[in-house]
Amino acid sequence: MSGFGDPAAVETAAASLRSGAQAAERARNEAARARPDTWTGAAADAYRAALERTLPETLNIADALDAAGSTLRRYAAVQREAASAFAEAQDDVDRSARALRGNPLDLGAALTGLRAEFAATAALGQLQEAAATAAAELRAAIGEEGDGRPWWDPFGWFNDAEDPDERVSDNILDDDAFDPDDVAQGSIGDCFMLSSVVALLNTDAGDAFIRDHVRWDAEREGYWVTLYANGEPEEVFVEYVFDNGAKQSDWDWWIFGGDKPSIAALYEAAIRQEYGYDFIDGGVPAEAMEIITGHPVDVIENGNYAGLDADQVDELRDVLDDGGQVVISSPRSGDHQITVTDPDGNSREVDVVTSHSYVITRIDPDGSVWMRNPWGPGNSADGGGEFRVSAADVEDLFWRATMTNVTE
């Protein structure tokens, strides 16, 4: 199971470290014995002084290698145990799911499945604890201080809110990762950035662009994210994302479900790494769009935050028709409720989030604009998904549009 690593490879590394420790020990012993009593003079004195300096360090190296090897052997054992427990729990989940499909009222099957989910979580926790312990022991072996990261902190209570704190895994880039409807903003104030990512996912060219610019590195167990500075690409390696960052749904079983970091979370972490937390916690779409795409960005806005007129909306339509990406900004303040229409033709009242960035997905001939809120599915303002805003409401409320086109 890839999520639990490769115990055999860890054991091989442990054996190599043990061999290194033995070689260092042999070298130390040979050097310690090489003390000719008849050798005198300046060279002999220098030799003995060198031995006095190096022999203790050689012993330290041997001890460090031996300690590191022991750490890896223990970690490999936990990997095997946790992987086995997780697989067993997953089998129980699958059996329960099959039973519930046959009889949704089978309470015993439901309870078995619930216990299995807890068991799977415990197995992951066991592995996470072992990994943190092993990392701390390895750092101690080479004389480094620990990073202070707690082994189990699902709610981020013990981490600096400005530091990414959730270890990535290889399951972020699954088939659902590129669904723009499934990206959901976390508690970071980065709608300006998330809307740019969702706008890319909303177009064929943008989807292909993201696929080319986010890559899993199996050897290092992290993601390479390509950002741009003044149009020049920069490769950023991401191992941790924000626990309170952008999410997408991961699994659903009966009445239960879970989420995981989305592609947007990788961009959050990469941009924070390059530009700092203050940049992602509040900003303007143009800056994010330039950093993410490296392409020229155009902005249309009116003085005094006046809404976009029909001619400006026509400009946005041209960009979308050419395969481009467009983000639109909501009012800076006030309480605004409007009537929108979903793709099935149903109308509903929604709240317009102030100082917020929405994605424009398409524009109808009458000037009404289809939007998507990066808050994601089930959000409290509009419920998520694509919805149509009338031309009158666009002209009344939405005052700035930011656009680019990754095909140009």
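**Notebook: strands 2 to 4, helix 5, and the helix 4/helix 8 pair**

I began with strand 3 (222–229) and strand 4 (232–238). Strand 3 and strand 4 pair in the antiparallel sense over seven bridges. For pairing I required at least two DSSP bridges between two strands. Helices (H or I, at least four residues) and strands (E, at least two) are DSSP runs, numbered from the N terminus.

Notes on the source: the model is predicted, local features need pLDDT of at least 70, side-chain atom pairs count only at pLDDT 80 or more, and totals for chains, interfaces and linings use all residues. Residues are numbered from 1 along each chain as its sequence is written, and side-chain values use heavy atoms, without hydrogens and water.

**Sheet**

I looked up one facing pair here: Leu227 is opposite Glu234 of strand 4. Next came strand 2 (214–217). Four bridges join strand 2 to strand 3, again antiparallel. Val214 faces Val225 of strand 3. The two strands make a hairpin with four residues between them. In that turn, Glu221 has a positive phi of about 55 degrees.

I then put the three strands together. They form an open antiparallel sheet in the order 2-3-4. Strands 2 and 4 are at the edges with a single partner strand each, so one side of each has no neighbour in the sheet. Neighbouring strands are turned by 30 degrees against each other on average, direction ignored. Axes are lines fitted to C-alpha atoms, for helices over the stretch in contact; angles run from 0 to 180 degrees between N-to-C directions.

Helix 5 packs on this sheet and touches strand 2 and strand 3. Its direction makes about 30 degrees with that of strand 2. Contact means heavy atoms within 4.5 Å.

**Helix 5**

Which residues of helix 5 are buried? I found Gly206, Asp207, Phe209, Ile210 and His213 (buried: under 20% relative accessible area; exposed: over 50%; partly exposed in between; 1.4 Å probe, protein chains only). Seen down the axis, they fall within an arc of 160 degrees, so they line one face of the helix. I took the arc from the directions from the helix axis to the C-beta atoms. Asp204 and Asp212 are exposed on the other side. The cover over the buried residues includes helix 4, helix 6 and strand 9.

**Helix 4 and helix 8**

Helix 4 and helix 8 pack at about 50 degrees, with axes 8 Å apart. The contact involves residues including Phe192 and Leu200 of helix 4, and Met289 and Ile292 of helix 8.
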